[in-house]
Amino acid sequence: MSAGVWWLASYPRSGNTWLRALLWTLVSGKPADINRLSSLGGFAGSRSQFDNALGIESVALSRDQEANLRPRVFEVLAAEVERPPYCMTHDAYHLTPAGEPLFPASATRGAVYVVRDPRAVAVSMAHYMARPIEVAIAHMDNPDALSGGSTRRLSNHLRQRLLRWSEHVESWLSAPFPVHVVRYEDMLADPCTTFTAVAAFLELRCDRDTITAAIDATTFKRLQAQERELGFVERPPRAATFFREGRSDGWRRELSPQQAARIVAAHGEIMRRLGYDVTLKAQTVRHGAAQERSCPPTG
Amino acid sequence: MIPTAQHRRRGMNHAYRLAALKIESDLELPDLQPWDGPANSEGDITFRLGTVPAQLEAPDRVEAIFQTRGHDEYLLALPGTGRILVRHGREVTVDAERGADPVSTRSLLTGPIQAVLWHQRGLLPLHANAVVIDGQAVALAGNSAAGKSALAATLVQLGHETLTDDICVIDVDAPRVTALPGVARLRLWRDTLDMLGIAPDGLNPVLSGKEKFFVDRWSGCSAPRELAAVVVLVRRTNIPLAIGRLSGIAAVGALRDMIHTRRPASALGRDVQIFAALTKMLASGVTIWRLHLPDNPACLPDAAAKVLHALEEPR
Amino acid sequence: MAAGSNENSTETPHLIADVTVISRSPAVLTAEVSGEIVMMSIERGSYFGLDDIGSDIWKRIEPPCTFAALIDGLAAAYDAERATIAADVCVLLDRMAAQDVVRLA
């Protein structure tokens, strides 16, 4: 019996997959296969995980019944898995219709929350949804935004609540258990320091060499190459690629000044709190692309 | 509106057929086929409205939403629905909450509760549709979102009969391993109907708030059929369509994952019998296949063709 | 499930001598399916299978026999050095004992 679940949480398109690939490499000792990341500990929105854990088909339940039972699934997950599960989620930290936290504190060990500049998220989301950027910006500003839960077809995914982007961030930052916040931009700029801190938070005993090797095995270019060669089961049919660009400042070429300003107007307070420069303008001048670096040599 | 326990009538008003069994029911269960046998024959299974306690006395297993005792007692307690007690594979008692949605309750009764009944009766319900191909049953197994009904509908449009939807009951103790006839009406989501060119107008919805419909136009096969094969469907977004044969531990493991309502079955102490039943199925020559299905309804005709082609191969 | 790194493992290898008696564990159910032995742990309900060599070993330990006798039998049947067979089988038996598929006395 483990001591609880580690949540790997993020708003969609914020670098969660890269973090999981790295963790998979650290935990298993083998280079990550992007199509096997679910073996880390599953996905909080998985319909089959729900059905198997509770012994009932979620399709036979109403929306509220399904939502209210999700905490029970996580309790089963925490109780029955031998080693700590690292369970991925895009849900905001929120209450079920019955009024209890979706992620029960009693079944939780802690969370790693990956956050990314919402201007970059908007661009990435537009590509992923194959829709205009306006649609992505509106989605990020919609308090009722959901992932999964279509009524026209049966999805593998349960209904997950995203809330507005800044509300999503705020909800995890104020969750009643330890939360370690990681910025996607820091993962890119200084992966060694960033992942060392994540490993320490997750109580993984990893030396510098192991972390360096894991970073090298999961560089963005490698993940992109894997996607090209093997396909990536998590990419929806509409998106051309999942691992698209992997830069921190690409949004400045793709957002208009008005679009960027709208995002800052909607989410500026949280952006400032996270250290994002809200005075940056969308423009064609590039301020030196963030380079991928592996760990400096020991010394 | 579902009558509560206060409104229990003397005698049960509705009778249905489930394989060879007669069900007598206080509740209307339009999913099931009306009873067409002798009117005065005794019911094999009863569905009654009544009082169900909050707990079993001395349960062996207590889980989040259900409890079990021995091999014969299962109690489901579901906020928003009420409590349902299933005993000896024969008696189902429904204690509905005030305001419970009757359509949802029916869905539970003909779904997970039906599966529990079969487990208690010593048979093996798979999470599968079945169609009849060359006179034999072929089960199409998979999780809820795997596409079993859509694939079955595609095969039906090619001229094969449907044997059962969602629950395929296997009898390994018959002279040949047999699949029993079940609910033959297919339940299809809007996207699948669009792909098959069927308009949803006039079709009855399965659940409120979801675009899933009963398609009544196809009559099904109503006799048991020898089981030839089980095709396990795995649906993922970006995989190529492919079918492959499974054997040995891979086959047994894949089948085990396809047991309907597996966790309650395990709680009811059925693990040993299920292992024996699965290995017996394989020993008797039932072939097991895994079909990788991309997440795109347009590939269903090719998928059906692959299944038919694979089954033609000599064993 | 991904395996953890060795420093997180608490298993110690079993000591297997020539006179150690190898027997089938009563804690598993078995069946033969297309020549493969498939098993279920009665306590945990988990399923697993034995590969060719594991299946062969399983057949040879009913009735129970000593490690030496087992290796003698395998060496006669397989075209490999006795010492190599002994080393490989030792590792395999250790894993099978850890899963309570075989008992070592």
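Let's start in chain C, where six bridges join β2(C) to strand β3 (residues 36-41), the two running antiparallel. Strands here are DSSP runs of E with at least two residues, helices are DSSP runs of H or I with at least four, and both are numbered from the N terminus; two strands pair if DSSP finds at least two bridges between them. Before going on, please note that this is a predicted model, in which local features need pLDDT of at least 70 and side-chain atom pairs count only at pLDDT 80 or more, while totals for chains, interfaces and linings use all residues. Residues are numbered from 1 along each chain as its sequence is written, and chains are lettered from A and ligands numbered from 1 in the order in which they are written.

Within this pair of strands, E32(C) has I37(C) in β3(C) as its bridge partner. The pair belongs to an open sheet of three strands with antiparallel pairing, in the order β2-β3-β4 of chain C. β2 (28-33) and β4 (47-50) of chain C stand at the edges with a single partner strand each, so one side of each has no neighbour in the sheet.

Chain B reaches this sheet too. Its helix α6 (residues 271-283) lies across β2 and β3 of chain C, running at about 10° to β2(C). For such angles, axes are lines fitted to C-alpha atoms, for helices over the stretch in contact, and the angles run from 0 to 180 degrees between N-to-C directions.

Now look at chain B as a whole. It holds seven helices and 19 strands. Its radius of gyration, taken over C-alpha atoms, is 19 Å. The globule rule (2.2 Å times the number of residues to the power 0.38) gives 20 Å for 315 residues, which is close, so chain B is as compact as a globular protein of that length. Of these 315 residues, 46% are buried, meaning that 20 or more other C-beta atoms, placed from the backbone, lie within 10 Å of the residue's own.

One buried residue to find is A184(B), with 21 other C-beta atoms within 10 Å. It sits in the loop between β14 (178-179) and β15 (186-189) of chain B. Leaving aside neighbours within four places in sequence, A184(B) is in contact (C-beta atoms, placed from the backbone, within 7 Å) with residues including T162(B) and G220(B).

Finally, turn to chain A: 32 of its residues are in contact with 32 residues of chain B. On the chain B side, α1(B) gives the most, with five residues.

How values were computed:
Two residues are in contact if their C-beta atoms, placed from the backbone, lie within 7 Å. A residue is buried if 20 or more other C-beta atoms lie within 10 Å of its own, exposed if 12 or fewer, and partly exposed in between; C-beta atoms are placed from the backbone.
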